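Please open the model in your viewer with a cartoon and a stick representation ready, and keep the sequence panel visible. The stops below each give a selection to make and then say what is found there.

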Amino acid sequence: GINFLEQYSLAGLKDVIPLYGPAFSFDERLLKVVGDAALGVSNGSSWSHDLDNATNRAFVEAFRKAYGRTPTLYASQGYDAARLIGSALRAVDGKLDKQDEFRAALVAAEFDSVRGNFKFGSNHHPIQDLYVREVVDDAEYNITNQIIRKVFTNHTDAYASECII
């Protein structure tokens with residue numbers, strides 16, 4: 001991805017043909033390497049460091065303090081996974097011999113997500129909001145992602161109704 005973005009920009013295509021991609025291709029760590037060549041590129045994501053909810057603000061602040069950089073989508077997903085597991089452990093008082101109750105608590109997903117609204121669909125895929133972000137140069141001269149708009153609210157997997165789970 002790094003060479004592609006640099007070559008795309010150097011060829012002048014960035015100014016002629018808009019580039020869209022997934023959040024993983026425009027990860028905060030990749031943007032640090034690619035720099036200005038990624039400016040203006042759009043990407044879709046279920047999370048962004050600038051989502052305005054208390055859990056996300058606390059997560060981003062703590063992550064930046066601990067690691068000296070903005071968290072990535074991967075970091076947000078890991079954090080959410082840990083919070084989900086923690087909520088299920090609390091629901092069974094840490095007693096993992098209560099396997100059915102533990103699984104039910106995982107499915108219930110009763111935790112505050114950095115993504116905001118979050119629950120699982122019938123096929124165990126997340127039901128969540130999705131956003132379009134743009135790579136921008138922020139006030140501190142950091143190349144980063146910024147939410148442009150929400151494109152789906154409580155989006156569910158298109159194939160959930162076909163799943164036999």
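Begin by selecting glycine 78, which has its place in helix H4, where helices (H or I, at least four residues) and strands (E, at least two) are DSSP runs numbered from the N terminus. At 40% relative accessibility, glycine 78 counts as partly exposed; buried means under 20% relative accessible area, exposed over 50%, and partly exposed in between, with a 1.4 Å probe and protein chains only. If you add tyrosine 20 to the selection, a C-alpha to C-alpha distance of 25 Å separates it from glycine 78, and the two are 58 residues apart in sequence.

Before moving on, note that this is a predicted model, in which local features need pLDDT of at least 70 and side-chain atom pairs count only at pLDDT 80 or more, while totals for chains, interfaces and linings use all residues. Residues are numbered from 1 along each chain as its sequence is written, and side-chain values use heavy atoms, with hydrogens and water left out.

Stay in helix H4 and select glycine 86, which also has its place there. Is glycine 86 buried or exposed? Glycine 86 is buried, its relative accessible area being 17%. Tryptophan 47 lies 39 residues from glycine 86 in sequence, and their C-alpha atoms are 20 Å apart in space.

Next, colour helix H4 (residues 73-91) together with helix H5 (residues 99-108), which pack at an angle of about 135° with their axes 8 Å apart. Axes here are lines fitted to C-alpha atoms, for helices over the stretch in contact, and angles run from 0 to 180 degrees between N-to-C directions. The angle makes H4 oblique to H5, since angles under 35 degrees count as roughly parallel, over 145 as roughly antiparallel, 65 to 115 as roughly perpendicular and the rest as oblique. The crossing of H4 and H5 is right-handed; a crossing has that hand if the near helix is turned clockwise from the far one by less than a right angle, and is left-handed if anticlockwise. To display the contact (heavy atoms within 4.5 Å), show Leu84, Ile85, Ala88, Leu89 and Ala91 of H4 as sticks, along with Phe102, Ala105 and Leu106 of H5. These residues divide into eight nonpolar, no polar and no charged, where Ala, Val, Leu, Ile, Met, Phe, Trp, Tyr, Cys and Pro count as nonpolar, Asp, Glu, Lys and Arg as charged, and the others, Gly among them, as polar.

Now replace H5 by helix H3 (residues 54-67), which packs against H4 at an angle of about 115°, with the axes 12 Å apart. The crossing of H3 and H4 is right-handed. Which residues meet in this pair? From H3 they are Thr55, Phe59 and Phe63, and from H4 Ala75, Ser76, Tyr79 and Arg83. The residues of this contact divide into four nonpolar, two polar and one charged.

Turn then to the strands and select strand S4 (residues 126-137) with strand S2 (residues 42-45): they pair in the antiparallel sense over four bridges, two strands being paired if DSSP finds at least two bridges between them. Within that pairing, glycine 44 has valine 132 of S4 as its bridge partner. Strand S3 (residues 118-120) pairs with S4 as well, in the antiparallel sense and over three bridges, and phenylalanine 120 stands opposite proline 126 in S4.

S3 and S4 form a hairpin with five residues between them, and histidine 124 is the residue to select in this loop. Phi of histidine 124 is near 70°, a positive value in a residue other than glycine, and at 40% relative accessibility histidine 124 counts as partly exposed.

Extend the selection to strand S5 (residues 143-155), which runs antiparallel to S4 and is joined to it by nine bridges. Glutamine 128 has histidine 155 of S5 as its bridge partner. Asparagine 154, also placed in S5, has a positive phi of about 50° although it is not a glycine, and it is partly exposed, with a relative accessible area of 40%.

Finally, zoom out to the whole chain, which has five helices and five strands, running α-β-α-β-α-α-α-β-β-β from the N terminus on. The C-alpha atoms fill a box of roughly 60 × 40 × 25 Å, taken along the principal axes, and of the 165 residues 37% count as buried.
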